[in-house]
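Me: I would like to go through this model step by step. Short answers, please, each ending on the value or name I ask for.

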Protein chains: 2
Amino acid sequence: MSTVEVPINGERLIADLKRLREFGACGIGVVRTSLSPIDVESRHWLRGRFEEAGLDARIDGAGNVIGRSRNPGKAVLIGSHTDTQPTGGWLDGAMGVIYGLEVARALSEAPATKDRALDVASWLDEEGRFFGCFGSLSFVGETPAHALDALDTTDGTNLTLGDALHEAGLAGVAPERLDPNRHVAYLEAHIEQGPYLEEEGNRIGVVTSIVGARNFIVEFEGEQNHAGTTPMARRRDAAHAMVDFAHAVYREFPTAAGERSVWTIGEMTLEPNAMSIVPGKARLNLQFRDQDPTVLDRLEALSLDLLARANAGPCAATMRPRKHHSIPAPMDVNLRGHLERAAERHAPDQWTSMPSAAVHDAQILASHLPSAMLFVPSINGVSHAFEEDTSEEDIVLGCQVLATATASVLIATD
Amino acid sequence: MSTVEVPINGERLIADLKRLREFGACGIGVVRTSLSPIDVESRHWLRGRFEEAGLDARIDGAGNVIGRSRNPGKAVLIGSHTDTQPTGGWLDGAMGVIYGLEVARALSEAPATKDRALDVASWLDEEGRFFGCFGSLSFVGETPAHALDALDTTDGTNLTLGDALHEAGLAGVAPERLDPNRHVAYLEAHIEQGPYLEEEGNRIGVVTSIVGARNFIVEFEGEQNHAGTTPMARRRDAAHAMVDFAHAVYREFPTAAGERSVWTIGEMTLEPNAMSIVPGKARLNLQFRDQDPTVLDRLEALSLDLLARANAGPCAATMRPRKHHSIPAPMDVNLRGHLERAAERHAPDQWTSMPSAAVHDAQILASHLPSAMLFVPSINGVSHAFEEDTSEEDIVLGCQVLATATASVLIATD
């Protein structure tokens, strides 16, 4: 293996992360949903930082911020996302993008790698304010025709993705595309967002595969009526039907799930949601994830079965996919080897191999390019919440591992 | 009993009801929540109609529209409310106010009653956008100190009642008050909002008593986290805790309820309500109603018991009253007699006595003044929904019964 030295600058890395945190800062958390005014502002800042690092940078028509190395030859691509959940933490996604920026600077400063090509990307809307992983889907040419009509699903503003891109001044701007003659590998670093690294005393995780996720909108339609005057026997209460279904999900899913399966009802909505009205409509989002497609199939079949039984009540019920299913994605074995060797060099005996239970843009890239991922620990396993955090030592270590691995991939492509 | 003739003008009545319907019309329904711009506009129109009917009319500091007869002597007060639910029907409340307007005109046109005093009121916010029955509470001097700080609970605008009154130009305007030397009786007419009159072929209901209602906010606090990476065993899922509690309510309440008890979970909210986040907080509104305070006590005790059992899970749960409990209110026997005789005269064998399962301003007035209520049928029992309706024949009949009863009350006060 290569023993090339590519020292990163930890202080510079942390300073950029903290600067990015200021865009949308909300207490200790960050609110920077895709294409919100503060997100757009942060994208212009990021483009400037890419330029200062010597990259040829632009914001493309999909909202991606992409910095391309000015060096010729085969290139490694490092990416992640700088958009956040409606109440997000400061590291999720952002850390992986700033890692890319710092690795680009470190490569350009090291004699052995200064002529090598590294491209860096911040993909739009990984978190799915409009359409999850829209930016990386655009980059690989897989955005479906209706994607620009996707409505905001988190802020309830009824804004479409197309309108939001227009407001950001990006309508008509050409998208950047994956270049098969240039790009040889995709690397992404991320916080683990789970408890396993911390619990087992590890500081680096090399991802073996990314889970698949399925999201369904389940809707119940009854009859809206007065909550005082409608006798219980005459009611068609959509909330009651929804609660019965949700209760059955919580009760039955453990019997059909795999060891690492997770299932979540993260959204519930009643209409009209008023204390003195029997709800006429109710809706929830049912999500489940597993690495094994047969487990996903089993959970989907169980959901339909539970819904058919809930249908026996006086309300009508329907279930439909929320968006494209994310398919389980195994990571590239060769790239994993580069990451493992770099981890062993900088964190001997303090790294492990592990699956990713979260969706990442790497899932999209993995169908088109050898791809791999690196995790750093999440304190208490918390993420998608203001409290999300990782120690600065672990943040710096993760970036050093990524820089060393990137250099060794580039040198191995000779 | 009096056999005085006080003929109402049905066409005039229906025309005014249809004019009022235009304020906030939304398809066949009406959206005219308290102190919304269109509600304020409708109050100015109503004040003008009161004036044209010969009343001395004003909008008071509580947002009530009050028309006082210019005749001296003891007065009957007729009232209801013109605000609507977020998605309301055209008759709920509005009908009772326009009845008052038409009865005032009919009394002034009939020789036997033209010198009698009838006051008419549209009470603010019976539906509780901010603070249920605020207008009638103000009229009897019972508004609690914090009422003006009450936040909008339906539109989610975070507006306070005080701010909304200010925006309507009513800050600092004096409130009208009940005058014990003048007011001798309170009458209110309303659509039934339930199915009983229609089912039994009756056209008039004379209310025996109004149910009590209790509203509780039940909150569950867990831990917000990532829906992919947080293992099931580590979750403190507030939605799961809320669903378990709601399911127990639906299952257990029938065992403790009275024959006509009703219970409703009309509101549910998750935070942050995003598909890929384990909810950290969940909240529901639990409401139950009955005429018998001991049944209400029993249901409240059961709720606390179910919650204590739900507390065994990993989330914290709390239950607190949403607002003042409305207390079951028996109607005045003497006034009921006036209404019954008028009903028998205009709708022989087509009327009945019945409880009110809905909250009404009459509940507030009843503690201070002999009070009674009249119902007309609701088609299919529907209300608090756009489809709410009553046949024009029944609307006109109800107003005639109210006019005759009002006249007989006034003459009996001699």
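Me: Which residue ranges does the domain assignment give for chain A?
Reply: This is a predicted model. The assignment splits chain A into domain 1 and domain 2. Domain 1 is written as two segments, 10-210 + 328-412, and domain 2 as 212-321.

Me: How far apart do the C-alpha centres of domain 1 and domain 2 of chain A lie?
Reply: Take the C-alpha centre of each domain of chain A. The separation between domain 1 and domain 2 is 34 Å.

Me: How many residues does each domain of chain A bring to the contact between them, and how does the domain 1 side divide by class?
Reply: Domain 2 of chain A gives 7 residues to this contact and domain 1 gives 5. By class, the domain 1 side has no charged residues, 1 polar and 4 nonpolar.

Me: What is the radius of gyration of chain A, and why does it agree with a compact globule?
Reply: Chain A has 414 residues, so a compact globule would come near 22 Å. Along the principal axes, its C-alpha atoms fill a box of roughly 80 × 45 × 40 Å. The radius of gyration agrees with the globule value: chain A has 23 Å.

Me: What percentage of the residues of chain A count as buried?
Reply: Chain A holds 11 helices and 17 strands. A residue is buried if 20 or more other C-beta atoms lie within 10 Å of its own. Of the 414 residues of chain A, the buried share is 58%.

Me: At what angle do helix H7 and helix H8 of chain A cross, and is the crossing left-handed or right-handed?
Reply: H7 covers residues 238-256 of chain A and H8 covers 293-310. Their axes come within 10 Å and cross at roughly 145 degrees. The crossing of H7(A) and H8(A) is right-handed.

Me: Which residues of H8(A) make the contact with H7(A)?
Reply: From H7(A), the contact residues include A:Phe245, A:Val249 and A:Phe253. The contact has 11 nonpolar, 3 charged and no polar residues. On the H8(A) side they are A:Arg298, A:Leu299, A:Leu302, A:Leu306, A:Leu307 and A:Ala310.

Me: How many residues of chain B are in contact with chain A, and how do they divide by class?
Reply: The contact pairs 56 residues of chain B with 55 residues of chain A. Elements of chain B that each supply at least two residues include strand S9 (212-221), helix H7 (238-256) and strand S13 (281-290). The chain B side divides into 26 nonpolar, 24 polar and 6 charged.

Conventions. Residues numbered from 1 in each chain as written. Chains lettered and ligands numbered in written order. Predicted model: local features only at pLDDT ≥ 70, side-chain atom pairs only at ≥ 80, totals over all residues. Axes fitted to C-alpha atoms, helices over the stretch in contact; angles between N-to-C directions. Helix = DSSP H or I, 4+ residues; strand = E, 2+ residues; numbered from the N terminus. Left-handed = near helix turned anticlockwise from the far one by under 90°. Contact = placed C-beta atoms within 7 Å. Nonpolar A, V, L, I, M, F, W, Y, C, P; charged D, E, K, R; others polar. Domains from an automatic or database assignment. Rg over C-alpha atoms; globule rule 2.2 N^0.38 Å. Buried ≥ 20, exposed ≤ 12 C-beta atoms within 10 Å, placed from the backbone.
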